[in-house]
Amino acid sequence: EQEKSEYKARIKQLLKEQNAVLVAHYYTDPEIQALAEETGGCVSDSLEMARFGRDHPAKTLIVAGVKFMGETAKILSPEKTILMPTLEATCSLDVGCPIEQFSAFCDAHPDHTVVVYANTSAAVKARADWVVTSSIALEIVEHLDGEGKKIIWGPDRHLGSYIAKQTGAEMLMWQGECIVHDEFKARALRQLKAQHPNAAILVHPESPASVVEMADAVGSTSQLIKAAQTMDNDTFIVATDRGIFYKMQQAAPGKTLIEAPTGGEGATCRSCAHCPWMAMNGLKAIASALENQDSSQHEIFVDEALRQGALVPLTRMLDFAK
Ligand code: 13P
Ligand code: SF4
């Protein structure tokens, strides 16, 4: 505890000295989210992180999240220094969608509009017509479908199937998944719901279809927090990374929040409702990023040609979201 408060004090001082601001995702540890709040930074979903970082006047952004979030910040603000607690914090969706294969998939269907999730590399974004996050994906696909477009969707197959079902759009799907949400289990969820019949089920659409089907509300992290705040139920079963409980409980004080189950009897899971890459964003790593700004371990660089390519579909998303 003593060590933690020393790190926090040091980080606060470094943020001031370096005209830097901390931008954190809801899945980072509560103490990181609290620090972002206390220091005038932001805690949000991936869409709002992008917007906040782009519009903030600070010279340096320190992005506590995973690599695609740092890259998105750099693509939108090339003049800023973008630091991350660790560059090793990746995402199974990004890893599972290498540019060579994805590009070949797109080349094989040249009459399709390419829509990619923000959880991708700068190179994959640069190959796309649109970037989306989970809070805006449904509206954007609806819009494209309305224009009669056929869609290539990547990389999250669960989110893609959910959107195809909701919109009726014709979508060719890349077969990627989030190792955290893919672990939620419908059978165990049904048992838990039986024990809490008045609870509402909140589900992030990166979860399997069998889990999404049981949801009372489906949405991005910020939309799920809003649902817990506004729905009348006093108990919620939540199928997303448990990092969200910090802000969800703040938004819905007095309500009971229960983690959705990640395995049936005796089952093991790969990540058990907490993203191993989000968990890498510790206080020590943040302090170290701010102390060694020029270190190859912390700063995000994006090739300029790729950056310009990725900026087009990212800007399209941000303009659409206005
Ligand atoms: P959102 O915060 O945009 O819902 O994204 C969730 C996610 O997968 C981040 O890792
Ligand atoms: Fe990627 Fe899933 Fe982790 Fe989000 S929670 S960063 S989608 S692996």
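Is Ala273 buried or exposed, and how many other C-beta atoms lie within 10 Å? Keep that question in mind while loading the model, which is a predicted one, and select Ala273 as the opening stop: with 22 other C-beta atoms within 10 Å, Ala273 is buried, because 20 or more are needed for that class. The residue sits in the loop between β12 (256-259) and α14 (283-291), and its phi is near 60°, a positive value in a residue other than glycine.

**A second positive phi**

Move next to Asn19, which also has a positive phi, of about 50°, although it is not a glycine. Asn19 is placed in the loop between α1 (2-17) and β1, and here the surroundings are sparse enough for the residue to count as exposed, because 11 other C-beta atoms lie within 10 Å.

**The whole chain**

Zoom out to show the protein entire, with its 15 helices and twelve strands. Its radius of gyration is 19 Å, close to the 20 Å that the globule rule gives for 322 residues, so the protein is as compact as a globular protein of that length. The C-alpha trace spans about 50 × 50 × 35 Å along its principal axes, and 49% of the 322 residues count as buried. Of the contacts between residues at least 6 apart in sequence, 64% join residues at least 24 apart.

**The four-stranded sheet**

From Asn19, follow the chain into β1 (residues 20-25) and display the open sheet of four strands to which it belongs, ordered β2-β1-β3-β4 with parallel pairing. The strands to colour as edges are β2 (42-44) and β4 (81-83), each of which has a single partner strand, so one side of each is left without a neighbour in the sheet. On average, neighbouring strands here are turned by 20° against each other, direction ignored. Between β1 and β2 the parallel pairing runs over three bridges, and a useful pair to label is His25 with Ser44 in β2, which stand opposite one another. Add helix α4 (residues 67-76), which packs on this sheet, touching β1, β3 (60-64) and β4, and whose direction makes about 155° with that of β3.

**Helix α3 and its cover**

Select helix α3 (residues 46-55), whose buried residues are Ser46, Leu47, Glu48, Met49, Ala50 and Gly53. To see what covers them, show among other elements β1, β2, β3, α4, α12 (221-230) and α15 (304-321).

**The two ligands**

Ser46 leads on to ligand 1, since it is among the residues that come nearest to that ligand, together with Asp45, Ser134, Ser220 and Thr221, out of 13 around it. By class, this shell holds three nonpolar, eight polar and two charged residues. Then centre on ligand 2, which has 14 residues around it, Val66, Cys91, Cys178, Val180 and Cys275 coming nearest; the shell here comprises ten nonpolar, two polar and two charged residues.

**Two last stops**

Go to the peptide bond from Gly154 to Pro155, which is cis, with omega near -10°; Pro155 itself lies in the loop between β7 (151-154) and α9 (157-167). Finish at Gln101 in helix α6 (residues 99-107), which counts as exposed because it has 11 C-beta neighbours inside 10 Å. A distance drawn from the C-alpha atom of Gln101 to that of Ala73, 28 residues apart along the chain, comes to 25 Å.

Notes. Residues are numbered from 1 along each chain as its sequence is written. Chains are lettered from A and ligands numbered from 1 in the order in which they are written. This is a predicted model: local features need pLDDT of at least 70, side-chain atom pairs count only at pLDDT 80 or more; totals for chains, interfaces and linings use all residues. A residue is near a molecule or strand if its C-beta atom, placed from the backbone, lies within 6 Å of it. Ala, Val, Leu, Ile, Met, Phe, Trp, Tyr, Cys and Pro count as nonpolar, Asp, Glu, Lys and Arg as charged, and the others, Gly among them, as polar. Two strands pair if DSSP finds at least two bridges between them. Helices (H or I, at least four residues) and strands (E, at least two) are DSSP runs, numbered from the N terminus. Axes are lines fitted to C-alpha atoms, for helices over the stretch in contact, and angles run from 0 to 180 degrees between N-to-C directions. Two residues are in contact if their C-beta atoms, placed from the backbone, lie within 7 Å. A residue is buried if 20 or more other C-beta atoms lie within 10 Å of its own, exposed if 12 or fewer, and partly exposed in between; C-beta atoms are placed from the backbone. The radius of gyration is taken over C-alpha atoms; the globule rule is 2.2 Å times the number of residues to the power 0.38.
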